[in-house]
Amino acid sequence: MTYLSWSDRYSVGSPIVDAEHKELFLIVNEFYENLEDKRGIKDFFPTLNRLIVYAEHHFGSEEKYMKLAGYPEVELREHMRIHEELVDEVFHLYARLRGEEGGATSGVDVGKFIEDWLSNHILDVDKRCEPYFRKLTDAAMT
Ligand SMILES: [Fe+2]
């Protein structure tokens, strides 16, 4: 399990969106700390709750900035669909972890999933908005 550390390669050109991504990194790392302490599965739940709540808030604000930045409608819709899928998948993993859905999973599996979830999403999907976010940031600073 690799702790996530922020670097410029994750920047999407918007200080606000970057700050929210950093907050998500902190929550994922907190989840890893729980794992490393070999805590009981129940101890992961508050962190996962925070992750889901914060991710939903963040996706909403990211979508708002995409609109403001003039991100093309078709791509915006596709991006929103990906956000929905991500939240959905975490919900299912969480339910499996709680034993409420079939197909047991472990804290390590959830950890791996959320790490990929966050870093790949930023690097592959959010990065597509970078030129738009940069223009918006530059306009705000002049
Ligand atoms: Fe995104």
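# Contacts, metal site and overall shape

Reader: Which residues does H79 touch, not counting residues up to four places away in sequence?
Author: The model is predicted. Contact here means heavy atoms within 4.5 Å. With residues up to four places away left out, H79 touches E62, M66, H121, V125, D126 and C129.

Reader: Is H79 buried or exposed?
Author: H79 belongs to helix α3. The cut-off for buried is under 20% relative accessible area. H79 has a relative accessible area of 2%, so it counts as buried.

Reader: Which residues coordinate the iron ion?
Author: The donor atoms lie at 2.0 to 2.3 Å from the iron ion. Three of the donors are NE2 atoms of histidines, and the others are OE and OD atoms. The coordinating residues are E62, H79, H83, H121 and D126.

Reader: What is the spacing of the iron donor residues in sequence, and how many residues apart are H79 and H121?
Author: The donor residues follow the spacing E-x16-H-x3-H-x37-H-x4-D. Within that set, H79 sits in helix α3 (residues 73-97) and H121 in helix α4 (residues 107-125), a pair that links distant parts of the chain. Both H79 and H121 are buried. Their separation in sequence is 42 residues.

Reader: What pattern does the protein follow along the sequence?
Author: The protein has five helices and zero strands. Read in sequence order, the pattern is α-α-α-α-α.

Reader: What is the radius of gyration of the protein, and which value would a compact globule have?
Author: The C-alpha trace spans about 50 × 30 × 20 Å along the principal axes. For 142 residues, a compact globule would come out near 14 Å, and the value for the protein agrees with this. The two radii, protein and then globule, are 16 Å and near 14 Å.

Reader: What share of the contacts with a separation of 6 or more is between residues 24 or more positions apart?
Author: Buried residues make up 45% of the 142 residues. Among contacts with a separation of 6 or more, the share from residues 24 or more positions apart is 73%.

Reader: How far apart are the centres of the positive and negative side chains?
Author: The protein exposes about 7,800 Å², of which carbon and sulfur atoms supply 53%. There are 17 positive and 28 negative side chains. The centres of these two sets are separated by 1 Å.

Reader: With which residues is E23 in contact, leaving aside its neighbours within four places in sequence?
Author: E23 is found in helix α1 (residues 15-36). Its relative accessibility is 28%, so E23 counts as partly exposed. The C-alpha atoms of E23 and S119 are separated by 13 Å, with these positions 96 residues apart along the chain. Beyond its sequence neighbours within four places, E23 is in contact with R50 and Y54.

Reader: What distance separates the C-alpha atoms of G40 and G107?
Author: G40 lies in the loop between α1 and α2 (45-68). With a relative accessible area of 39%, G40 is partly exposed. G40 and G107 are 67 residues apart along the chain, and their C-alpha atoms are separated by 9.3 Å.

Reader: Which residues are in contact with Y3, leaving aside its neighbours within four places in sequence?
Author: Y3 lies in the segment before α1, and its relative accessible area of 33% makes it partly exposed. Its C-alpha atom is 8.1 Å from that of V28, 25 residues apart along the chain. Outside four places in sequence, Y3 is in contact with N29, Y32, E33 and E36.

Conventions. Residues are numbered from 1 along each chain as its sequence is written. This is a predicted model: local features need pLDDT of at least 70, side-chain atom pairs count only at pLDDT 80 or more; totals for chains, interfaces and linings use all residues. Side-chain values use heavy atoms; hydrogens and water are left out. Donors are N, O and S atoms within 2.8 Å of the metal (3.2 Å for Na, K and Ca); water is not among the atoms, so sites may look incomplete. Helices (H or I, at least four residues) and strands (E, at least two) are DSSP runs, numbered from the N terminus. Buried means under 20% relative accessible area, exposed over 50%, partly exposed in between (1.4 Å probe, protein chains only). The radius of gyration is taken over C-alpha atoms; the globule rule is 2.2 Å times the number of residues to the power 0.38. Accessible areas come from the Shrake-Rupley method with a 1.4 Å probe; for residues, only the protein chains shown count as cover. Lys and Arg count as positive and Asp and Glu as negative; His and the chain ends are not counted. The place of a charge is taken as NZ of Lys, CZ of Arg, CG of Asp or CD of Glu.
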